[in-house]
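Me: Please take a close look at one part of this model: a single pairing and whatever surrounds it. Start with the term you need, then build outwards.

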Amino acid sequence: MGVTEYMLRYTNGPIDAMYTSVKYDTTGMGSGLNTNTTGYNWGTKAQGVTNTQNLLGATYTVMPGLKLHAGFGSFTSSNDAWKGKSTQYGATYTVGQWDVMAQVAKVDDQTTGAAVTNFVTQTNMDRKMTGIGVNYNLSKTTRAYLRYDDINYYSNGTASAGSAQKRTALGMSVNF
């Protein structure tokens, strides 16, 4: 598989922005890529397909304790098996040793034909996520954290087992 990737970054004053693009090309991979137990042959379906993913993300420091974040993305494949775009907005507010964070993200799946993900046929499955969190910074390298996420993996369709999840995380992390 061939991979082409590039990234541009701009950091100056209150703005930190980055654009990335990754393109996967399966041309020349051959047709013998494995067949799973349901008979789906990845080699036949994936051979000669390109898949491109782009992302533009930025953080704007409004004042020393407040940062606003945004991200905009797109994904496409040459055979239209995958197509869509994403948006993300968030904020981080720091006061003393505390960081309070919030984020909303959405994927607008524009796939019109059936795509295959984890051996499941699907089409036009929009996703949404809302998350909040707090860090208590014990030092420059150690923090305690609490997170809560509300995720819907099929926000434009009928709910099924596991399509909507609520997650909570509590822990401590150390950077080296």
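Reply: Two strands pair if DSSP finds at least two bridges between them. Keep in mind throughout that this is a predicted model. The part to examine is the pairing of strand 5 with strand 6. Strand 5 covers residues 83-95 and strand 6 covers residues 98-109. Twelve bridges join them, so the cut-off of at least two is met. The two strands run antiparallel.

Now the turn. Strand 5 and strand 6 make a hairpin, with two residues between them. Gly96 sits in that turn and has a positive phi of about 60 degrees.

Which residue of strand 6 is the bridge partner of Tyr89? The partner is Val104. Tyr89 itself belongs to strand 5. Beyond its neighbours within four places in sequence, Tyr89 is in contact with His69, Ala70, Phe72, Ala102, Gln103 and Val104. Val104 is thus listed among the contacts of Tyr89 and is also its bridge partner.

Is Tyr89 buried, exposed or in between? Its relative accessible area is 45%. Buried needs under 20% and exposed needs over 50%, so Tyr89 counts as partly exposed. A general point on side chains applies here. In a regular strand they alternate between the two faces of the sheet.

One contact of Tyr89 deserves its own look, but the aromatic pairs should be taken in order. The count comes to three aromatic pairs. One of them joins Tyr6 and Tyr19, with 6.2 Å from centre to centre and 45 degrees between the planes. Stacked needs under 30 degrees and edge-to-face needs over 60, so this pair is tilted. Tyr6 lies in strand 1 and Tyr19 in strand 2 (residues 15-25), so the pair ties together parts 13 residues apart in sequence. Both residues are partly exposed: Tyr6 has a relative accessible area of 43%, and Tyr19 stands at 27%.

Back to the hairpin. Another aromatic pair joins Phe72 and Tyr89. Their ring centres are 5.8 Å apart and their planes meet at 80 degrees, so the pair is edge-to-face. Phe72 is in strand 4 (residues 66-77) and Tyr89 in strand 5, and the two are 17 residues apart. The pair therefore links distant parts of the chain. Phe72 is partly exposed at 38% relative accessibility.

Tyr89 can also be placed against a residue further along the chain. Tyr89 and Thr130 are 41 residues apart in sequence. In space, their C-alpha atoms are 9.8 Å apart.

Next, the other side of strand 6. Ten bridges join strand 6 to strand 9, again with an antiparallel run. Ala102 has Ile132 as its bridge partner in strand 9. Ala102 is also one of the contacts of Tyr89.

The chain of pairings goes on. Strand 9 (residues 127-137) is joined to strand 10 (residues 142-152) by ten bridges, and these strands run antiparallel. Val134 is bridged to Leu146 of strand 10. Thr142 is found in strand 10 as well. Its relative accessible area is 16%, under the 20% limit, so Thr142 counts as buried. Leaving out residues up to four places away in sequence, Thr142 touches Tyr136, Asn137, Met172, Ser173 and Val174.

Where does the hairpin sit in the whole sheet? Nine strands form an open sheet, in the order 1-2-3-4-5-6-9-10-11, with antiparallel pairing. Strand 5 therefore has strands 4 and 6 beside it in that order. Strand 1 (2-12) and strand 11 (164-174) are at the edges. Each has a single partner strand, so one side of each has no neighbour in the sheet. From one strand to the next, the twist averages 10 degrees.

Last, the chain around it. There are one helix and eleven strands, in the pattern β-β-α-β-β-β-β-β-β-β-β-β. Of its 176 residues, 23% count as buried. The accessible surface is about 11500 Å², and carbon and sulfur atoms hold 58% of it.

A word on confidence. The mean pLDDT is 86, and 83% of residues reach 70 or more. Over residues 33-44 the pLDDT is below 50, and this stretch has 17 contacts in the model beyond near neighbours in sequence.

How values were computed
Residues are numbered from 1 along each chain as its sequence is written. Side-chain values use heavy atoms; hydrogens and water are left out. Helices (H or I, at least four residues) and strands (E, at least two) are DSSP runs, numbered from the N terminus. Axes are lines fitted to C-alpha atoms, for helices over the stretch in contact, and angles run from 0 to 180 degrees between N-to-C directions. Rings of Phe, Tyr and Trp (its six-membered ring) pair if their centres lie within 6.5 Å; planes under 30 degrees apart count as stacked, over 60 as edge-to-face and the rest as tilted. Buried means under 20% relative accessible area, exposed over 50%, partly exposed in between (1.4 Å probe, protein chains only). Accessible areas come from the Shrake-Rupley method with a 1.4 Å probe; for residues, only the protein chains shown count as cover. pLDDT is the predictor's confidence in each residue, from 0 to 100. Contact means heavy atoms within 4.5 Å.
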